[in-house]
Amino acid sequence: MSGTATPTDLSATVTDSTGGMPPEKMVSAERLGDTFSWLIRVLTKAKFRMSSELPEIEPSAFPILAVLHREGPSRTSTIAERVHADVSTISRQTSALVQAGFIERQADPNDGRACLLALTEAGHEIHERVRAVRNRWLATILQHWPDDDVDRLVTLLGRLSDDITRNLAATEPSAERNRASHTERTA
C-alpha cells in the first residue's frame, strides 16, 4: 500500500450521517477536510514563524490591521464581523493596538456616541511590513508554480471562502443574522 487512501478506502470512514449527500461528495469532503486540517496547522506554524520578524505585534492583530487598511476607519463590531471573531476579542486586541500606537480612536461623524478605529502612521507602516513578510514568504513557496496554477488556486480559494461565508451567514441564529444585518446597515 502506498500510504495514500483511495476514494474506496475513504468511503468506509464516512458515516451514515451524510444528510442525503451522495457518497462520492462525502469522500471528497473528507479528503478536503483532512487537507484543511493539515493546512491550518502548517499555516499556524508559519504565521508564528513569520511573526518572529515582527516581534512588536501579535499575529492575531494582523487581520485587524488588514481590515482597517482595506476599509478605513471602522467600528469594533464591523472589524469583528470582517474577521469572524467576537466583539469582546476584537475589543481586547484593538485596545492593545491603541496602546502600541498602531491604531487610534476617532469620533464617529455619523454617531457622536460611537468611536471608529483607524490606523495611525505607525499602523500603516507595520501593516506594510506584515504584508511584505507574508508576500515574500508566499513568493518563495510558490516560486516553482506556474502562474496559471497560482491564478487558479486564488480563484478557487476565493470561491470557497465566499461559499463558506454565505453558509455561515445562512446558518447563524436569526438574532445573530438580524444583528449582523443591522450592523451592516448602520456601519
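Which backbone oxygen lies 3.1 Å from a polar atom of the side chain of T94? The backbone oxygen of S91 does. Keep that small detail in mind as we walk through this predicted model, from the whole chain down to single residues.

**The overall plan**

Let's start with the whole chain. Its secondary structure comes to eight helices and two strands. Reading from the N terminus, you meet the elements in the order α-α-α-α-α-β-β-α-α-α. The chain has 187 residues, and 22% of them count as buried. Now look at contacts with a separation of 6 or more: 45% of these come from residues 24 or more positions apart.

**Two pairs of helices**

Next, turn the structure until you can see how helices pack on one another. Here are two pairs to look for.

| Helix pair | Angle | Distance between axes | Crossing |
|---|---|---|---|
| Helix 2 (residues 23-51) and helix 6 (residues 121-142) | about 130° | 11 Å | right-handed |
| Helix 3 (residues 62-71) and helix 4 | about 110° | 10 Å | right-handed |

Take the pair of helix 2 and helix 6, which pack at an angle of about 130°. Angles from 65 to 115 degrees count as roughly perpendicular and those over 145 as roughly antiparallel, so helix 2 is oblique to helix 6. On the helix 2 side, the contact is made by L43, A46 and M50, while helix 6 brings V133, R134 and W137. Sorting the residues of this contact by character gives five nonpolar, no polar and one charged.

Now for helix 3 and helix 4, which pack at about 110°. That angle makes helix 3 roughly perpendicular to helix 4. Helix 3 takes part through P63, I64, V67, L68 and E71, and helix 4 through T78, I79, R82 and V83. The residues of this contact divide into six nonpolar, one polar and two charged.

**Three residues to find**

Let's zoom in, beginning with the threonine from the opening question. T94 sits in helix 5. With a relative accessible area of 2%, T94 is buried, because anything under 20% counts that way. Besides having a side-chain polar atom 3.1 Å from the backbone oxygen of S91, T94 touches I64, I103 and L117, leaving out residues up to four places away in sequence. You have already met I64, one of the helix 3 residues in the contact with helix 4.

Is H127 buried or exposed? This histidine of helix 6 counts as buried, at 4% relative accessibility. The side chains of H127 and E128 are joined by a polar contact of 3.5 Å. If you set aside neighbours within four places in sequence, H127 is in contact with L65, A66 and H69.

Finally, find H84, in the loop between helix 4 (76-83) and helix 5 (87-100). H84 is exposed, as its relative accessible area is 55% and the cut-off for exposed is over 50%. What is the phi of H84? The value is positive, about 55°, although H84 is not a glycine. Most residues other than glycine have a negative phi.

**A quick recap**

If you would like to retrace the tour, look for the oblique packing of helix 2 and helix 6 and the roughly perpendicular packing of helix 3 and helix 4. Then compare the three residues: T94 is buried, H127 is buried, and H84 is exposed.

Conventions: Residues are numbered from 1 along each chain as its sequence is written. This is a predicted model: local features need pLDDT of at least 70, side-chain atom pairs count only at pLDDT 80 or more; totals for chains, interfaces and linings use all residues. Side-chain values use heavy atoms; hydrogens and water are left out. Axes are lines fitted to C-alpha atoms, for helices over the stretch in contact, and angles run from 0 to 180 degrees between N-to-C directions. Angles under 35 degrees count as roughly parallel, over 145 as roughly antiparallel, 65 to 115 as roughly perpendicular and the rest as oblique. A crossing is left-handed if the near helix is turned anticlockwise from the far one by less than a right angle, and right-handed if clockwise. Contact means heavy atoms within 4.5 Å. Ala, Val, Leu, Ile, Met, Phe, Trp, Tyr, Cys and Pro count as nonpolar, Asp, Glu, Lys and Arg as charged, and the others, Gly among them, as polar. Buried means under 20% relative accessible area, exposed over 50%, partly exposed in between (1.4 Å probe, protein chains only). A polar contact is a pair of N or O atoms within 3.5 Å; within protein, one must be able to donate a hydrogen and the other to accept it, and residues adjacent in sequence count only if both atoms are side-chain atoms.
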